[in-house]
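Reader: I am about to look at this structure and would like to be guided through it. May I put some questions to you as we go?

Author: Please do; let us begin once the structure is in view.

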Amino acid sequence: MNCPSVDPEIVARRKAALARLDFPRRLWVGGQWLEASGGEVWAVRDPATGERVGEVPWGGRLEAGRAIAAAAASLPHWRATSLRRRSEILARIQELLRELREPLAFLRTAEQGGPHVQSLAEVDFAADYFDWYSRQVRRLRRRRVVKEPDRSLRVELQPVGVVAAITPWNAPFSAPARKMSAALAAGCTVVLKPSELTPICALALAWICHRAGLPPGVLNVVFGDAEAIGETFLEEEAVRLITFTGSTRVGKWLMAGAARGVKRVFLELGGNAPFVVFADADLDAAARDATRLRCANSGQVCIAANRLLVERPVHAALVEKLAANFSRLRLGHGDSPDTDLGPLIRPEAAHNAERLARDAVRRGAKVVCGGRAACADLPERFYPATLVDGVRPEMEIARTELFAPLLPVIEFSGEEEALRLVNGTEYGLAAYLYTRDLGRARRLAGRIEAGVVGINHPRPLAAHAPFGGVKQSGFGREGGAEGVLEFLEPRLIGIREG
Ligand code: ADP
């Protein structure tokens, strides 16, 4: 089966837009576009159609080593670059991202499938980070000096050094932007390893940084054999910090490996966000926001609503509203303006969603709407918005990160049971509370084990606010004033006087 076709007018617009992204599809190392040493290439494909989006080199140890060497060589110059100049470059990157938002959005949809409007929003979000850190740079000038009769103690903030940033495919612009903008502001140089599924988005970022005046070697982009590249990051002495967004499995592996070289790691890992609706909530708003939070990017978001917890008296009413919302969502190619849900990144992701829904049904739950049968005429990468009611917390569907537009519904009675369910997971990235009783919401928020809590608010994120998880969702914060501090080390300089 083919993906529903896109209007020829839009296809022409996409073609013209992509032509503006006029850079070689190669690795970016030391200010040069680089082929892989062995000449291996990798075809990037549109997940909706399977069509080839481009061909890129398949790098490995050697390329990663070169990128680290380039980042290390450019470090003395970059860390000595004035804060004002750093700020100007970051601001210019932000401007270019906004100027090129349409071509970049087409590229993102081509590589990872998300609807065009969501791709535009992601480019804007990436730009917000560069904007924020272009302003934050100025605050780094602050030094603390403690004067004593016979000495002075100066505390200065120093960049940690070469940063390796590993990012996933689901946020191919904002995830690298969040890491790079703060690291570059701090005076670090960066080797970025994006997902092999969305490498061209990362190359576009490198190209934009170059055009904005970022000196050669300050940002490098390599991808290919992820494990070999990861190993190289762990082995090379010059890499002082690894910042990772991705699966818990890989995060744990990196953290264990980083112990060998005593490198810092920041991990933004999986989530299992509860979306809690109390009986006094505005049910229309809750249904609207839960739909958005579960279905944006086809559910492939780490802060997505992964479990709906609903208080008994409003259970039936909320499920009805959600089912109505879910049933309205249209599947298709992300470039088509009618599309609400693009494909999942891989067919296996749709198979997994279906397996989890069936497993829940076997244990007594019920599919209210959706399920693979509801879109049997589409390629197997597509999965419709699916609501599974009557789920119990011990079922697999309630315990794993789903990464699909699949929402299990669990009923509860009272605050204490809600809280037990909310915290009854090894993850702690995001949680959402819907209630008109703000006193209760605040009280509960204080007891929730999550890095981000939304109260009647589906997206409490911003470039100027810190983002990150607790428990096995990771540690370290990105964004906000906190985000840049992760890339800095306070250094103490004591001077004897008199
Ligand atoms: P996902 O399942 O969402 O793709 P991953 O954790 O596998 O999550 O991928 C996130 C990022 O981590 C990607 O850039 C991927 O290539 C990279 N990655 C995967 N395995 C390793 C590894 N062993 N070392 C370093 N990076 C890795």
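Reader: Which element gives the most to the shell around the ligand?

Author: The model before us is a predicted one. Two or more residues of the shell around the ligand come from each of helix H8 (226-235), strand E10 (239-245) and helix H9 (248-258). With three residues, the element that gives the most to this shell is H8.

Reader: How many residues surround the ligand, and of what class are they?

Author: The closest residues to the ligand are Thr167, Trp169, Lys193, Glu196 and Ser247. In total, the ligand is surrounded by 16 residues. Sorted by class, the shell consists of seven nonpolar, six polar and three charged residues.

Reader: What part of the accessible area of the ligand does the protein cover?

Author: Several polar atoms of the protein approach the ligand: a backbone N or O atom of Thr167 lies 2.7 Å from a ligand oxygen atom, and an N or O atom in the side chain of Trp169 is 3.2 Å from an oxygen atom of the ligand. A polar backbone atom of Ala226 is 3.3 Å from a nitrogen atom of the ligand. On its own the ligand has 550 Å² of accessible area, and the share covered by the protein is 82%.

Reader: What covers the buried residues of H9?

Author: The residues in question are Thr248, Gly251, Leu254, Gly257 and Ala258, the buried residues of H9. Their cover includes strand E7 (162-166), H8, E10 and strand E11 (264-268).

Reader: Is Ser119 buried or exposed?

Author: Ser119 lies in helix H5 (residues 116-136). Leaving aside residues up to four places away in sequence, Ser119 touches Ala105, Arg108, Thr109 and Gly114. Its side chain also makes a polar contact of 2.9 Å with the side chain of Arg108. Because its relative accessible area is 0%, and the cut-off is under 20%, Ser119 is classed as buried.

Reader: Where does Ser298 lie, and is this residue buried or exposed?

Author: Ser298 is placed in the loop between helix H10 (283-295) and strand E13 (305-311). Phi of Ser298 is near 55 degrees, a positive value in a residue other than glycine. Most residues other than glycine have a negative phi. Since its relative accessibility is 2%, Ser298 counts as buried.

Reader: What is the phi of Asn456, and how does its accessibility class follow?

Author: Asn456 lies in the loop between strand E18 (452-455) and strand E19 (474-475). Its phi is near 50 degrees, a positive value in a residue other than glycine. As its relative accessibility is 36%, Asn456 counts as partly exposed.

Reader: How far apart in space are Leu62 and Ala350?

Author: Leu62 lies in helix H2 (residues 61-80) and, at 49% relative accessibility, counts as partly exposed. In sequence, Leu62 and Ala350 are 288 residues apart. In space, from C-alpha to C-alpha, their separation is 35 Å.

Reader: What radius of gyration does the chain have?

Author: The chain contains 16 helices and 20 strands, and 58% of its 498 residues count as buried. Its C-alpha trace spans about 75 × 60 × 40 Å along the principal axes. For 498 residues a compact globule would have a radius of gyration near 23 Å, which agrees with the value for the chain, 23 Å.

Note on methods:
Residues numbered from 1 in each chain as written. Predicted model: local features only at pLDDT ≥ 70, side-chain atom pairs only at ≥ 80, totals over all residues. Heavy atoms only, no water. Helix = DSSP H or I, 4+ residues; strand = E, 2+ residues; numbered from the N terminus. Buried < 20%, exposed > 50% of the residue type's maximum accessible area, 1.4 Å probe, protein only. Polar contact = N/O pair within 3.5 Å; in protein donor to acceptor, adjacent residues only side chain to side chain. Contact = heavy atoms within 4.5 Å. Near = heavy atom within 4 Å. Areas by Shrake-Rupley, 256 points an atom, 1.4 Å probe, with all protein chains shown as cover. Nonpolar A, V, L, I, M, F, W, Y, C, P; charged D, E, K, R; others polar. Rg over C-alpha atoms; globule rule 2.2 N^0.38 Å.
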